[in-house]
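Me: I should like a close look at one part of the assembly shown below, with attention to how its elements pack. Please give a single, connected account.

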Amino acid sequence: MQQPETGSNNIRLNHVAKHFGSEVAVKDLELEIEDKELLVLLGPSGCGKTTTMNMLAGLEEPTSGEIWFGSRQVTNVPAEQRDVAMVFQTFALYPHLNVRGNIGFGLKTRGTSKDVIAQRVSEISHLLHIEELLDRKITELSGGQRQRVSIAKALVRKPFLFLLDEPFSSIDAILRRELRTEIVRIHREVKTTMVFVTHDQEEAMSIADRVAVMRGGELMQVGPPLSLYDEPANLWVAKFIGAQPTNVVPANLGERGGMAGLFDGSCAMQVDEGFFDRVAAATDSRTVTLGVRPEFVEVSAASRGASSLAARVYTLQVLGNQILYDLEIGTNHLLAITSSREHFRVDQSVFVDFDWPNVMAFDAVSEARLKI
Amino acid sequence: MAELSPASQDQSSRPRRFGLGMTDARFGLLLSLPVAAILILLNLYPFLYSFWLALRDIDLRFGIDEFTGLDNFRKTLESQDVRDAMWRTVKYSVQVTVYSTLLGLGMAILLNEKFHGRTLLTALILLPWAVSTYAAGIVWRFLLSTETGLFPAVLFRLGITDRPPNLMNIDTALTWIAIAHTWHIAPLGVFFMLATLQVIPQDLYRVGRIDKLNAIGRFRHVTLPYLKAPLLIVLILNTISAVNVFDLIYFTTAGGPGAATRVMTYEVYTTAFLNLRLGLGAAEAWLLLILVILVTLAYVRVLYRKEKKISTGEAAA
Amino acid sequence: MSSRLTAKRVIIYICALLVALWTLVPFYWLLNLSFMFNVEMNSAITHFYPHDFTWSNYVRLFNRHATGPGGVDLLPIPHGQFIRTGLKNSLIVAGVTTPLTLLIAMPCAYVLGRYVFPFRNSIVMAILLSRAYPAIAAIIPLYKMWSSLGLRGTHHGLVIVYLSITVPLVVWIMMGFFNALPRSLESAARVDGCTRFQTLYRVVLPTSLPGIAACAVIAFLLVWNDFLFAFLLATGSSALTFPPTLSNMFFQYSYPTEASAATVLGVLPVAIVAFVFQRWIRKLNIVDPL
């Protein structure tokens with residue numbers, strides 16, 4: 001196992017795996033968390049993100065592999081001896097203590113003096129705007145207040161690593177947005193490495209420095225939010241990231257300048273030549289899977305010729321200033337988002353064009369994205 | 001709670017090798033050591049010791065104490081008194097179980113309805129259970145006896161009998177004690193079943209109505225499936241309580257009239273502590289024990305089945 | 001429709017009334033007798049309420065004279081002093097057994113509810129079986145053991161016996177209680193720097209106080225209400241608790257009116273305690289108070 005260079009405060013997971021009996025929760029995970037970054041572990045439920053977090057916290061011991069905090073091996077160090085703090089989905093505040101007692105609890109168990117505790121508690125409650133709650137009972141707080149207290153309780157220790165396990169999932173939508181902004185602000189202020197677990201890609205994209213996408217115990221891709229959006233490693237990530245699912249269009253590109261068969265040949269359209277050239281440079285196969293985000297599907301009333309597909313509006317949803325169309329092409333469906341005020345009706349015949357520079361192509365077999 | 005093991009074993013199932021030499025295994029063992037000691041010294045050892053006693057002829061009146069092998073067991077199995085007592089225990093237990101389970105179910109269903117005074121009544125019905133068995137015995141003796149009894153007095157005042165009748169006669173005494181026992185233990189089943197009734201989703205009853213089920217149909221198809229597990233446990237708990245009855249008999253009839261209420265526990269008591277033949281008493285107690293163990297094994301089976309259901313339910317969720 | 005609803009309400013209230021009568025009438029009858037002079041009880045058919053209400057049966061249990069009907073002087077009940085000693089002994093034995101039970105049972109209940117460790121299932125099974133062991137069967141070997149150890153007829157001898165009953169029960173109840181606590185609270189405590197021990201006594205136990213209090217009540221009631229063990233292991237000694245003392249009075253020395261008053265003295269405190277704590281006790285969702 002390689003040891004990171006001394007002095008670095010990066011956190012490394014080296015070939016970490018966790019099995020529960022015969023069930024594999026995390027599979028050979030290789031991940032480096034950079035010093036003071038806000039990394040989001042993102043994935044659907046059961047993907048291993050919470051297990052990964054528990055291993056980082058020391059609540060769960062890896063079956064194999066190593067975990068390094070900077071130059072310190074912590075693989076088998078229990079939670080109480082790691083310098084980590086954690087915010088839980090269920091808040092996990094001690095009901096027998098008041099807010100002040102909860103925030104100071106971790107410092108008290110570590111033998112910090114009373115004066116220092118009092119000072120740190122007042123600093124952190126100022127940072128989180130909860131000064132007026134300090135003497136309240138936990139049961140008297142709202143969900144949002146509880147989560148602020150829970151964050152304060154975690155931050156007050158100035159931990160080496162700050163873990164947040166789906167912290168906003170039991171809070172209502174409006175407050176959730178507010179707290180997201182708050183987390184980014186707090187991260188800027190306290191300059192601590194944070195790992196944030198969520199299943200909500202929108203949440204991940206809006207707060208992360210980098211996002212690590214997991215699926216079925218495996219790490220799919222790590223990178224800044226925009227790169228996940230622009231350059232997903234594979235079709236699954238492309239579908240998972242983005243407000244609306246990416247359209248998956250199996251295509252046979254045929255000859256340059258000719259017609260391409262879409263959806264197993266059930267319809268045809270002319271492919272942009274530049275796009276064809278870029279795909280041809282990346283792969284010898286003419287059969288690829290196109291990934292077209294709804295925002296790059298253009299809908300118009302008039303055909304532009306061979307590059308347009310005839311379609312019919314099946315349903316539509318108004319999303320504020322945008323409209324999401326579900327378009328029917330033969331027996332297949334495409335999603336399209338338009339921001340124009342021009343409004344098509346259900347069952348209206350329309351024409352669809354792709355915004356070719358933004359269309360992604362994936363290997364039809366491995367589903368890996370082609371670098372085009 | 002009825003689970004026999006933590007709901008999510010996987011969370012901490014692997015022993016940890018770190019930190020002050022402490023592992024989950026050691027922590028668990030260390031903290032359960034005092035209880036294990038109590039179980040071994042005060043439950044397991046006397047249990048085995050009673051078997052040793054059963055192999056000896058011990059008569060404290062004459063200071064006899066000698067090894068006689070399985071002789072006590074032979075005597076026990078051949079004794080007509082023991083056979084009669086066992087039969088009475090069975091009769092008694094069946095009565096208590098049936099009465100108290102049905103009454104418990106009825107009261108639970110009643111208390112699951114909304115009415116004024118429900119909270120008060122729910123608290124009140126706990127009282128007979130909180131009162132000790134011996135006090136229940138005294139109370140019911142006073143209720144039933146010809147001299148002081150409410151029931152005989154009522155029957156007389158209503159003109160049903162020409163004088164306060166003797167209710168505790170050879171034919172009826174056992175049943176009256178079973179009723180007293182029911183008064184004492186039915187509340188337990190109520191709390192058990194009420195807790196379950198309260199978690200049945202109300203939507204199921206609405207769906208039942210939409211599907212045109214009448215009250216009986218809704219009880220059969222919605223309530224009963226939920227109640228199955230607690231109902232079974234209550235049945236078995238009530239049975240065990242009935243088999244082990246002693247105080248009630250001692251305070252109401254002391255085994256009489258004649259031998260009409262001499263159940264197995266009373267037989268053991270007579271042999272071991274009135275006739276002071278501890279060895280023979282121990283052998284008789286073993287017979288009782290076998291009966292109780294059979295019921296308890298049924299209990300364990302029910303619980304394990306329930307647990308399996310819970311854990312698979314969690315896996316699905 | 002509305003008439004059917006009304007009919008249902010009527011049936012519900014009738015049933016509620018019947019249940020209340022079934023529950024309370026036996027208690028009423030005990031109180032009724034205890035507030036009667038013996039003369040009244042003996043005179044004719046038992047009265048449904050005391051025509052000549054009196055506290056004399058209670059007063060006379062506490063070594064006082066009372067005035068009977070027609071100014072007759074009633075002597076103190078001779079057995080009263082034993083009843084008082086019995087109450088005191090019960091208080092001592094139950095008062096010592098209860099905290100000891102909690103001290104021994106809570107840590108074990110916690111690890112049984114939360115951790116997996118060797119012999120765990122054996123311990124659970126042993127607890128279950130110990131709950132089903134008929135008292136009369138358990139007493140025979142204990143009688144012999146306690147005789148040879150000199151523990152018969154002593155307070156501590158009784159306390160030890162009662163621990164063998166209360167501890168398994170409390171462990172059984174609290175095992176489920178701890179298992180149902182949210183796990184994240186303990187994770188939080190570990191992350192906050194608590195060891196397993198500290199997690200238990202600084203977080204788990206303080207948050208479980210209602211459950212622990214309910215268990216204290218249950219353990220106390222169990223000891224306070226026991227007749228058989230004390231009867232067979234302490235009869236004839238100065239450590240005899242209330243129930244067997246009452247049984248002596250009941251069968252040998254008293255009129256029903258006097259015995260009723262003595263029974264009320266033993267029953268009333270626990271009835272009040274049970275009534276006050278019933279909400280907590282119910283929340284424990286007890287499976288097994290055999």
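In which crossing, left-handed or right-handed, does H1(B) pass H5(C)?

Reply: The model is a predicted one, and what follows describes its computed geometry. H1(B) passes H5(C) in a left-handed crossing. The two helices pack at an angle of about 35°, and their axes lie 11 Å apart. H5 of chain C covers residues 120-132, while H1 of chain B runs over residues 24-54.

The contact can be followed residue by residue. On the side of H1(B), the participants are B:Gly28, B:Ser32, B:Val35, B:Ala36, B:Leu39 and B:Asn43. They meet C:Arg120, C:Ile123, C:Ala126, C:Ile127 and C:Ser130 of H5(C). By character, the residues of this contact divide into six nonpolar, four polar and one charged. A general property of helices helps in reading such lists: an α-helix has 3.6 residues a turn, so residues three or four places apart point the same way.

H1(B) also takes part in a second setting, at H9 of chain C. The buried residues of H9(C) are covered by elements that include H1(B), together with H4 (80-114), H7 (155-180) and H8 (183-191) of chain C. H9(C) itself spans residues 196-207, twelve residues in number. From its first C-alpha to its last this helix reaches 15 Å, close to the 16 Å expected at 1.5 Å a residue. Its buried residues are C:Arg196, C:Thr199, C:Leu200, C:Arg202, C:Val203 and C:Val204.

Another point where chains B and C touch concerns B:Val139, a residue of helix H6 (residues 133-144) of chain B. Its contacts, not counting residues up to four places away in sequence, are with C:Pro26 and C:Leu30. B:Val139 is classed as buried because 27 other C-beta atoms lie within 10 Å, the cut-off for that class being 20 or more. The C-alpha atoms of B:Val139 and B:Val96 are separated by 18 Å, and these residues are 43 places apart along the chain.

For comparison with these helices, chain A offers strands. An open sheet of six strands follows the order S6-S7-S8-S3-S9-S10, with mixed pairing. Its edge strands are S6 (84-87) and S10 (218-223), each of which pairs on one side only. Neighbouring strands in the sheet are turned by 20° against each other on average, direction ignored. S9(A) (residues 210-215) and S10(A) pair in the antiparallel sense over five bridges, and A:Val211 has A:Gly223 as its bridge partner.

Terms used. Residues are numbered from 1 along each chain as its sequence is written. Chains are lettered from A and ligands numbered from 1 in the order in which they are written. This is a predicted model: local features need pLDDT of at least 70, side-chain atom pairs count only at pLDDT 80 or more; totals for chains, interfaces and linings use all residues. Helices (H or I, at least four residues) and strands (E, at least two) are DSSP runs, numbered from the N terminus. The expected span of a helix is 1.5 Å times one less than its number of residues. A residue is buried if 20 or more other C-beta atoms lie within 10 Å of its own, exposed if 12 or fewer, and partly exposed in between; C-beta atoms are placed from the backbone. Two residues are in contact if their C-beta atoms, placed from the backbone, lie within 7 Å. Two strands pair if DSSP finds at least two bridges between them. Axes are lines fitted to C-alpha atoms, for helices over the stretch in contact, and angles run from 0 to 180 degrees between N-to-C directions. A crossing is left-handed if the near helix is turned anticlockwise from the far one by less than a right angle, and right-handed if clockwise. Ala, Val, Leu, Ile, Met, Phe, Trp, Tyr, Cys and Pro count as nonpolar, Asp, Glu, Lys and Arg as charged, and the others, Gly among them, as polar.
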